[in-house]
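Colleague: Could you walk me through this model, one question at a time? I would like to hear the reasoning as well as the result.

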There are 2 protein chains.
Amino acid sequence: MKFFKVPEPTIMRLSLYSRILEQMEERGIPIISSVELGDAVGINSGVVRKDLSMFGEFGVRGVGYNVRELRDNIRKLLGQDRNWPVIIVGAGHLGSSLAAYPGFTQRGFNIEAIVDSDPALAGTTIQGHPVIDWAGAEQLIKEQGVRMAILAVPPDAVQSVAQRMIDLGIEAILNFSPIILKVPAAKAQVQNVDLTVFFDLMRFTSNLNEQEGLRPQSSSLRGLAVR
Amino acid sequence: MKFFKVPEPTIMRLSLYSRILEQMEERGIPIISSVELGDAVGINSGVVRKDLSMFGEFGVRGVGYNVRELRDNIRKLLGQDRNWPVIIVGAGHLGSSLAAYPGFTQRGFNIEAIVDSDPALAGTTIQGHPVIDWAGAEQLIKEQGVRMAILAVPPDAVQSVAQRMIDLGIEAILNFSPIILKVPAAKAQVQNVDLTVFFDLMRFTSNLNEQEGLRPQSSSLRGLAVR
């Protein structure tokens, strides 16, 4: 098999396709066309076909894709079919809402625990997940072989918490704090999720911000090149 | 002035630039080069220059960009310099964490209230924001001219809540529930934020998912075309 380089926007679209296909399967729909799949996600069917063709032949021309088969293949490609232990850092509102976020398990993630430095919280549970202190985190990461951490800590704590996690063996960090975390790529991979970006985006695409000769261009993770 | 169509990935990058420029200004840095700005966001300096050139000449070749001037211009382009009243629907963990999310005000958003159908919550406050019922929401939306709503409700309530918001005059919806909300474009603009996409992305870019001949391609909102 050839090796492909998969761009981030493609992965994001595959993730969206898998969500749609799950819903289709729940509703008992056996076949979906690239046009229907594109409509559901809000992108062009040509992009759908191109994305899916990268990974082999899932579809039949003029008929469509077998929903279950396509879903299984995408799940496998994205690693959703396996169990990934993950640890959340920060037991505040953001950490708690991520612990409660639906679909975590469906995506193959097991939240092993929520780490918090507040000694009053250690030993409690949030959404059924145990809250542990840093000593507990060290033990858990080693014992369970946890390689991924989700940071939901205040902005001024992000860098030090990330460093501490890396020292404990974490290799992948998803940072939800609204500050861009930078870590040497050799030490760990970081994904920064700045939610305010979506607020800016909503304002723009909503046509509420027409000014200065700018017009929003509607699209949804189309992976557009800069034009 | 010419009208530009602005693709979503460009808006997302501009949003990230504005975040970096804020941090630069706080640290008293007067000038930034496209290479430095690109490094901070994790993208190529050529893309930075192309993005910024769309909106006129902010920089001086070989010197860089005036941090404060560039920040002010991007803020204006993104509408961050004005006040946008916004209403959050859902007073659970997700709604509460969004109400507490730092940078909301800095991005020009005023959270007017959090709407919840639980009568026990009406009259309380979350993070200093009043919790109101639907009757209160109707009044508030009319009186304050609220046009934007953020949905943080359970998946099975998303569609009906969105319809109710649109009936009350809401024109733009940011949906944080992990289900793709579809609304006729003539009625309202919707941005769906599916957080599980970022989990899939983290797994992929972290090299933890090397299998099946796939290799992640490192990039961060580069707006890449499908290759």
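What follows is a friendly exchange about helices, salt bridges and a few single residues.

Colleague: Before we start, what kind of model is this, and how far apart are the C-alpha centres of domain 1 and domain 2 of chain A?

Modeller: It is a predicted model, so please read every value here as computed from it. The domain assignment of chain A gives domain 1 as 8-78 and domain 2 as 84-194. The C-alpha centres of these two domains of chain A are separated by 31 Å.

Colleague: Thanks! How many residues apart along the chain are A:Asp118 and A:Leu37, and what separates their C-alpha atoms?

Modeller: A:Asp118 sits in the loop between β6 (109-115) and β7 (125-126) of chain A. Its relative accessibility is 34%, so A:Asp118 counts as partly exposed. Along the chain, A:Asp118 and A:Leu37 are 81 residues apart, and their C-alpha atoms are separated by 46 Å.

Colleague: Now to the salt bridges. Which residue forms a salt bridge with A:Asp51?

Modeller: A:Asp51 belongs to helix α3 (residues 45-53) of chain A, and its partner to helix α1 (residues 8-26) of chain A, 38 residues apart. A:Asp51 is buried at 0% relative accessibility, and the partner is buried too, at 1%. With the closest N and O atoms 2.6 Å apart, the residue that pairs with A:Asp51 is A:Arg13.

Colleague: And in chain B, what is the N to O distance between B:Arg13 and B:Asp51?

Modeller: B:Arg13 lies in helix α1 of chain B and B:Asp51 in helix α3 of chain B, so their pairing ties together parts 38 residues apart in sequence. B:Arg13 is buried at 0% relative accessibility, and B:Asp51 is buried with a relative accessible area of 0%. The side chains of B:Arg13 and B:Asp51 meet in a salt bridge, N to O, at 2.6 Å.

Colleague: Which residues do salt bridges with shared partners join into one network?

Modeller: One pair to start from is A:Arg68 with A:Glu25, a salt bridge of 3.2 Å, N to O. A:Arg68 is in helix α4 (residues 67-78) of chain A and A:Glu25 in helix α1 of chain A, so this pair ties together parts 43 residues apart in sequence. A:Arg68 is exposed, at 52% relative accessible area, while A:Glu25 is partly exposed, at 23%. Through shared partners, the network joins A:Glu25, A:Arg68, A:Arg71 and A:Asp72.

Colleague: How many salt bridges are there over all chains?

Modeller: The rule behind the count asks for a side-chain nitrogen of Lys or Arg within 4 Å of a carboxyl oxygen of Asp or Glu. Over all chains, the count comes to 16.

Colleague: B:Asp116 is buried yet has no salt bridge; which side chain of opposite charge is nearest?

Modeller: B:Asp116 is in the loop between β6 (109-115) and β7 (125-126) of chain B. Its side chain reaches the backbone nitrogen of B:Ala91 at 2.7 Å, and the residues that B:Asp116 touches include B:Gly90, B:Leu121 and B:Asp133. The nearest side chain of opposite charge is 10 Å away, and it belongs to B:Arg164.

Colleague: Within what arc do the buried residues of α3(B) fall?

Modeller: In helix α3 (residues 45-53) of chain B, the buried residues are B:Ser45, B:Val48, B:Asp51 and B:Leu52. Seen down the axis of α3(B), they line one face of the helix, because they fall within an arc of 120°.

Colleague: What arc holds the buried residues of α2(B)?

Modeller: The buried residues of α2(B) are B:Ser34, B:Leu37, B:Gly38, B:Ala40 and B:Val41. They line one face of the helix, since seen down its axis they fall within an arc of 160°.

Colleague: Which residue just after α2(B) takes a positive phi?

Modeller: The buried residues of α2(B) are covered by elements that include α1, β2 (31-32) and α3 of chain B. Just after α2(B), a positive phi of about 90° is taken by B:Gly42.

Colleague: Last one: is A:Asn175 buried or exposed?

Modeller: A:Asn175 is in strand β10 (residues 172-175) of chain A. Among the residues that A:Asn175 touches are A:Leu151, A:Val158 and A:Leu181. With a relative accessible area of 0%, A:Asn175 is buried.

Terms used:
Residues are numbered from 1 along each chain as its sequence is written. Chains are lettered from A and ligands numbered from 1 in the order in which they are written. This is a predicted model: local features need pLDDT of at least 70, side-chain atom pairs count only at pLDDT 80 or more; totals for chains, interfaces and linings use all residues. Side-chain values use heavy atoms; hydrogens and water are left out. Helices (H or I, at least four residues) and strands (E, at least two) are DSSP runs, numbered from the N terminus. Buried means under 20% relative accessible area, exposed over 50%, partly exposed in between (1.4 Å probe, protein chains only). Lys and Arg count as positive and Asp and Glu as negative; His and the chain ends are not counted. A polar contact is a pair of N or O atoms within 3.5 Å; within protein, one must be able to donate a hydrogen and the other to accept it, and residues adjacent in sequence count only if both atoms are side-chain atoms. Contact means heavy atoms within 4.5 Å. The arc is that of the directions from the helix axis to the C-beta atoms. Domain bounds come from an automatic or database domain assignment. Lists of a residue's contacts leave out its neighbours within four places in sequence.
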